[in-house]
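Hello,

Here is the structure I promised to pass on to you. Have a look at it first, and then read on for what turned up.

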Amino acid sequence: MIGKLAAAGAGAGASALGYGLWEANRFVLREVEVPVLSAGQSPIRVLHISDIHLTTYQKAKLDWVHSLQELEPDLVVNTGDNLSQAQAMEPLLNAWGTLLDRPGVFVFGSNDYTVPRFRNPLTYFAGPSSTDKHDELARLPFDDLRAKLTGRGWADLNHQRATLEVAGRRIAFRGTDDAHLAKDDYSLVAGPAEQGVDLNIAVTHAPYLRLLDAMTDDGMDMIFAGHTHGGQVCLPVKGAIVTNCDLDTGRVKGLSSHSHGGHSSWLHVSAGIGSSPFAPYRVACRPEATLLTLVAE
């Protein structure tokens, strides 16, 4: 009897793993409206991409990313974790195609700086992943990636501010480096929302509450983040089990709001396009990019 139960359990586990590997290539484009513009303004279309974690052998992922240029968004927001191999940088840049000709902003995550490493997959469900030994990992060509992106006109928001003209509007941006690696220092870009612009947007890789609180206190109209993979392994009804940061599971992906100190900001967290090559599965959480249409309140 025990042997039969063990065999049944092993079979169920294999089936779940097989499903997760299949779903990891079921890419989907999410679309959402955000009532964040002032009255009378025409819409702005924003493509949010995050957590591609690209390796050179992921042709289906490359092809799908390449197809996103057909959306012709007004703005591209990239919230990091682009690479899993150094050799994947050029294929990724090629896949972005004409998206690099459009206004864009970016920040980095851990897998822009270093290659991922193997971890016991079960530890993922115990809380935020450890950053121990991060400095010992092989480096990714993040300076080259930064130069390529800024050379095409995208604004580097790692502890920087920028103001871009997007669809005839002026948008003020600010961003931080990766909070999951404790590289964030919001004080470098902190301060009241800029006046005389149509929108104030903050961008970061990992949506830790310390950043969301500070950005909201400063009057950001909207905050973009990634990192969570939408929970990556979700359960029916319950949804995400973990967020890999201190954000609650109810806001692990998609559009929500964040309130702090009497202020409120729109928050969009991308569930991301990929995952670590050592955990290449998704369960009830398809890989995604999001086309957000910013509309008048």
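**What was found**

The protein exposes about 12600 Å², and carbon and sulfur atoms supply 55% of that area. Please keep in mind as you read that this is a predicted model. Of its 297 residues, 54% count as buried. The protein has six helices and 14 strands. If you take the contacts between residues at least 6 apart in sequence, 75% of them join residues at least 24 apart.

**Helices that meet**

A good place to start is helix H3 (residues 89–96), whose axis comes within 11 Å of the axis of helix H5 (residues 142–151), with a crossing of roughly 20°. Because of that angle, H3 is roughly parallel to H5. Their crossing is right-handed. On the H3 side, the contact is made by Met-89, Glu-90, Leu-93 and Trp-96. H5 brings Asp-144, Leu-145, Lys-148 and Leu-149 to this contact. By class, the residues where H3 and H5 touch are five nonpolar and three charged, with no polar ones.

H3 also meets helix H2 (residues 59–67): the two axes come within 7 Å and cross at roughly 35°. Here Leu-62, Val-65 and His-66 of H2 touch Pro-91, Leu-92, Asn-94, Ala-95 and Trp-96 of H3. The contact of H2 with H3 holds six nonpolar and two polar residues, and no charged ones.

**Helix H6 and its surroundings**

Which residues of helix H6 (residues 209–217) are buried? They are Leu-211, Leu-212, Asp-213, Ala-214, Met-215 and Thr-216. These buried residues pack against four strands, namely S8 (199–203), S9, S12 (254–260) and S13 (263–269). After H6 comes Gly-219, with a positive phi near 90°.

Leu-247 is worth finding next, in the loop between strand S11 (239–240) and S12. Leu-247 has a relative accessibility of 4%, so it counts as buried. From Leu-247 to Leu-212 there are 35 residues in sequence, yet their C-alpha atoms are 9.4 Å apart in space. Setting aside neighbours within four places in sequence, Leu-247 is in contact with Pro-207, Leu-209, Leu-212, Val-252, Leu-267 and Val-269.

Asp-221 sits in the loop between H6 and S9. Is Asp-221 buried or partly exposed? With a relative accessible area of 28%, Asp-221 is partly exposed. The C-alpha atoms of Asp-221 and Leu-267 are separated by 8.9 Å, although the two residues lie 46 apart along the chain. Not counting residues up to four places away in sequence, Asp-221 touches Val-36, Leu-199, Asn-200, Ser-265 and Trp-266.

**A loop residue and the C-terminal stretch of numbering**

Gln-41 has its place in the loop between strand S1 (28–37) and strand S2 (44–49). Its relative accessible area is 17%, so Gln-41 counts as buried. What lies 9.2 Å from Gln-41, C-alpha to C-alpha, and 256 residues away in sequence? That residue is Glu-297. Leaving out residues up to four places away in sequence, Gln-41 touches Arg-169, Asp-198 and Ala-296.

**Two residues with positive phi**

Finally, two loop residues may catch your eye. Asp-81 is not a glycine, but has a positive phi of about 60°. You will find Asp-81 in the loop between strand S3 (75–78) and H3. Asp-81 is buried, at a relative accessible area of 3%.

His-227, also a residue other than glycine, has a positive phi near 75°. His-227 belongs to the loop between strand S9 (222–225) and strand S10 (234–235). The relative accessible area of His-227 is 6%, and this residue is buried.

If you would like a route through the model, you could begin with H3 and its contacts with H5 and H2. From there, go to H6 and the strands that its buried residues pack against, and then visit the loop residues one by one.

Best wishes

Key
Residues are numbered from 1 along each chain as its sequence is written. This is a predicted model: local features need pLDDT of at least 70, side-chain atom pairs count only at pLDDT 80 or more; totals for chains, interfaces and linings use all residues. Side-chain values use heavy atoms; hydrogens and water are left out. Axes are lines fitted to C-alpha atoms, for helices over the stretch in contact, and angles run from 0 to 180 degrees between N-to-C directions. Angles under 35 degrees count as roughly parallel, over 145 as roughly antiparallel, 65 to 115 as roughly perpendicular and the rest as oblique. A crossing is left-handed if the near helix is turned anticlockwise from the far one by less than a right angle, and right-handed if clockwise. Contact means heavy atoms within 4.5 Å. Ala, Val, Leu, Ile, Met, Phe, Trp, Tyr, Cys and Pro count as nonpolar, Asp, Glu, Lys and Arg as charged, and the others, Gly among them, as polar. Buried means under 20% relative accessible area, exposed over 50%, partly exposed in between (1.4 Å probe, protein chains only). Accessible areas come from the Shrake-Rupley method with a 1.4 Å probe; for residues, only the protein chains shown count as cover.
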